[in-house]
Amino acid sequence: MGERVTTPQPVSAGGLLDLIRSGRANTRAALQRATGLSRSTVGQRLDLLNRAGWLRHTTGTSTGGRPSERIAFDPTHASVLAVDLETRHARAAVLDLTGTILAEHTGPLDITEGPDHVLDHVTRWFPDLIAAAGADPSRVCGVGLSVPGPVDWEAGRVVEPPIMPGWDRHPIRERLQDAYARHVGASLEAGPVPVLVDNDANLMALAEQQANHRDCCAFVLVKVSTGIGAGVVVDGHVYRGTDGGAGDIGHIRVHDRADALCMCGSYGCLAAVASGRALAKELSGADGNAASGSDVRRLLAEGHPDAIRLAREAGRRVGEVLVTVVTLLNPGVLMLAGDLSGVPFMTGVRELLYQRAMPRTTANLQIVTSRLGDHAGLIGAATTVVEHLYSPARADARLARILTQSGRP
């Protein structure tokens, strides 16, 4: 049999948008060269994007002839809401389509009070946030939600989360859409507002990689707060594994603490001996007045000697596990984030990593701390919404709906 020959599919309006957003083509001529489309076809595709309000045009620098028109994605034509849930508090923000925070609110919230209470509570913040950002409620294109547990990405549901009792397989997306409709109402398009849910470490990793390490093809972020989790970004995309369980390193068993009971119900997990919750328990017994990872963070900032000692020991524990992670993935950047990610913890990680890993594995490895800090989860949640809604196929479907609803063919 002869080899099957496939005919390339014409590049759609969504495909042109992808080229424009990525910076690979920002003039009509460049779009023609990149796609092989005729000038008139490129013009028709751009007209669709312009009518949706997704582009902006500027005049480029002249080199003697007629200055070329520069085409760019307009990040102000819509906005995104993002929510970052922690165990004892939550953050919410309105962001533009580049991830710039326009308005933000942080408040106490106990995640153990269950999904319906928590989601309704944070959604009540939305109207004031939208007003503070000066945004149009009808032009909110989606909501991104960061949660401290494993997530089935396709279903938008948390799966067996150790520190989120009552959340297992709860219809988070649908409940948040219902709460949004009650408290905000309007959306850019007909139907429920799009909601995307992902694990906090995944979203933080995506935000940090895109913002500060875009050239790194293999990026790992480890968040150590109440629990321990890792986010992995490969070639600019989050690696989630088969069903969202990738990066759950907090439940790898350590060899010498079979007596340590973890929140997941097992004994000897890394999180049971090296997380913020584990350190808070030890510090409370040593008169450290700590109940959570954020309390440990406070004690570290105050220079509490027992907190510093325990954080360094925790770093060594986590570093022992990260030897395997780094050897398997060979990342260019290993980022430490969360409540414990200060100098004592990093020192412990470095000690074990450089002691146990092969020199070849760490020769080009940067070990750094978070640059975006407490905003990483919010920015990552917003970035995920934008990447999803403006991907070529999704953009084409949205364009068809938007133009039909506006009465324009």
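# A tour from Leu353 to the open sheet

Select leucine 353 first: beyond residues up to four places away in sequence, its contacts (heavy atoms within 4.5 Å) are Gly319, Leu322, Val323, Val326, Leu334, Thr362, Leu365 and Ile367. The model is predicted, so local features need pLDDT of at least 70 and side-chain atom pairs pLDDT 80 or more, while totals for chains, interfaces and linings use all residues. Residues are numbered from 1 along each chain as its sequence is written, and side-chain values use heavy atoms, with hydrogens and water left out.

**The largest core**

Keep Leu353 selected and add Val222, Leu322 and Leu334: these four touch the most other members of the largest nonpolar core, which has 43 residues. A nonpolar core is a set of buried Ala, Val, Leu, Ile, Met, Phe, Trp, Tyr and Cys residues joined through side-chain atoms within 4.5 Å. Buried means under 20% relative accessible area, exposed over 50%, and partly exposed in between (1.4 Å probe, protein chains only).

Next colour the elements that each supply at least two residues of this core: strands E10 (218-224), E11 (228-234) and E13 (333-337), with helices H8 (270-274), H9 (276-285), H10 (293-301), H11 (305-329) and H12 (343-356). Helices (H or I, at least four residues) and strands (E, at least two) are DSSP runs, numbered from the N terminus. H11 gives the most to the core, 10 residues. Another core, of 38 residues, lies apart from it; Leu19, Leu37, Ala78 and Leu399 are among its members.

**The open sheet**

Now select the open sheet of 5 strands, in the order E5-E4-E3-E6-E9, with mixed pairing. Strands of a sheet pair through backbone hydrogen bonds, either parallel or antiparallel; here two strands pair if DSSP finds at least two bridges between them. Strand E5 (101-108) and E9 are the edges, each pairing on one side only. From one strand to the next the twist averages 15°.

At the E5 edge, E4 and E5 run antiparallel and are joined by 7 bridges. Valine 94 stands opposite alanine 103 in E5. The hairpin of these strands has 5 residues between them, and its glycine 99 takes a positive phi near 90°.

Leucine 95 is also in strand E4. Leucine 95 counts as buried, at 0% relative accessibility. Leaving out residues up to four places away in sequence, Leu95 touches Ser79, Val80, Ala82, Thr100, Ile101, Leu102, Leu378, Ile379 and Ala382. Measure to valine 80 in the viewer: the C-alpha atoms are 5.2 Å apart, with the two positions 15 residues apart in sequence numbering.

At the other edge, E6 and E9 pair in the parallel sense over 5 bridges. Glycine 144 stands opposite leucine 196 in E9.

**Helices on the sheet**

Select H4: this helix lies across E3, strand E4 (89-95), E5 and E6, at about 135° to E3. Axes are lines fitted to C-alpha atoms, for helices over the stretch in contact, and angles run from 0 to 180 degrees between N-to-C directions.

Helix H7 (residues 200-212) touches E6 and E9, and its direction makes about 100° with that of E9. Of the 13 residues of H7, 10 are buried, so the helix is largely enclosed by the rest of the structure. Among those buried are Asp200, Asn202, Glu208 and Gln209.

After H7, go to histidine 213, in the loop between H7 and E10. His213 is buried, with a relative accessible area of 12%. Not counting residues up to four places away in sequence, His213 touches Glu208, Phe219, Val333, Met335, Gln366 and Val368.

**Helix H6 and the loop before it**

Which residues of H6 are buried? Select Ile172, Leu176, Gln177, Ala179 and Tyr180. Viewed down the axis of H6, the buried residues fall within an arc of 165°, so they line one face of the helix; the arc is that of the directions from the helix axis to the C-beta atoms. Their cover includes strand E3 (79-85), helix H4 (115-123), helix H5 (126-133), strand E6 (140-147), strand E8 (157-158) and strand E9 (195-199). Just after H6, glycine 185 has a positive phi of about 90°.

Finish in the loop between E8 and H6, where glutamate 160 lies. Glu160 has a positive phi of about 45° although it is not a glycine, and it is exposed, with a relative accessible area of 58%. Arginine 169 lies in the loop between E8 and H6; its phi is near 60°, also positive in a residue other than glycine. Arg169 counts as partly exposed, at 45% relative accessibility.
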